[in-house]
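Trainee: Could you take me through one part of this model in detail? I'd like to look at the salt bridges and the residues that make them.

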Amino acid sequence: MKYCSESIKLASEMPVVNVKPGLSRQVMGYDDNIMLVRVNFEEEMVGQRPPLHQHPHVQSSYVVSGKFEAHIGEEVKVLSAGDAYYVPSNLPHEMYCLEPGVIIDGFSPIREDFL
């Protein structure tokens with residue numbers, strides 16, 4: 001079984017992966033079945049349309065701060081702090097950043113490509 005070696009994680013101790021300018025992520029905890037990831041969208045991401053993508057993982061996410069236009073399948077909505085979304089396995093989706101912010105993503109099973 002894959003898992004984080006410690007049950008309690010401090011954000012200040014977790015490595016930050018810079019995906020591209022203005023976009024970074026921190027894997028906060030995981031085992032074989034579930035993964036929690038903090039995704040940071042900085043000013044550089046505002047106005048950039050990410051590629052529509054899909055993956056076999058189920059995703060459930062919470063918007064901590066900022067504003068995002070969510071495209072999930074045929075549905076489009078603007079999300080802000082306190083909003084959440086769910087993406088079934090293999091459904092095309094994207095998050096278009098309207099204001100800098102943070103999203104907490106949960107994946108099941110884990111995103112091996114994030115490790």
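Mentor: Sure, and let's fix a term before anything else: buried means under 20% relative accessible area, exposed means over 50%, and partly exposed is in between, with a 1.4 Å probe and protein chains only. Keep in mind that this is a predicted model, where local features need pLDDT of at least 70, side-chain atom pairs count only at pLDDT 80 or more, and totals for chains, interfaces and linings use all residues. Residues are numbered from 1 along each chain as its sequence is written, and side-chain values use heavy atoms, with hydrogens and water left out.

Start with Arg49, which is partly exposed at a relative accessible area of 48%. Side chains of opposite charge can pair when their charged atoms come close. The cut-off for a salt bridge is a side-chain nitrogen of Lys or Arg within 4 Å of a carboxyl oxygen of Asp or Glu. Searching the whole structure on that basis turns up 4 salt bridges.

One of them pairs Arg49 with Glu69, with 3.9 Å between the closest N and O atoms. That pair ties together distant parts of the chain, 20 residues apart: Glu69 sits in strand E4 (residues 58–72), Arg49 in the loop between strand E3 (35–41) and E4. As for those labels, helices (H or I, at least four residues) and strands (E, at least two) are DSSP runs, numbered from the N terminus.

Arg49 also bridges to Glu94, and there the closest N and O atoms are 3.0 Å apart. Again distant parts of the chain are linked, since Glu94 belongs to strand E7 (residues 93–108), 45 residues from Arg49. Glu94 counts as buried, because its relative accessibility is 7%.

Another bridge joins Asp113 to Arg111, at 2.7 Å between the closest N and O atoms. Asp113 is partly exposed, with a relative accessible area of 48%, while Arg111 has 11% relative accessibility and so counts as buried. As for shared partners, salt bridges join Arg49, Glu69 and Glu94 into one network.

While you're here, have a look at Asp31, in the loop between strand E2 (23–30) and E3. Asp31 is partly exposed at 22% relative accessible area. Its C-alpha is 7.1 Å from that of Ile110, although Asp31 and Ile110 are 79 residues apart in sequence. The side chain of Asp31 also reaches the backbone nitrogen of Asn33 at 2.7 Å.

Methods. Polar contact = N/O pair within 3.5 Å; in protein donor to acceptor, adjacent residues only side chain to side chain.
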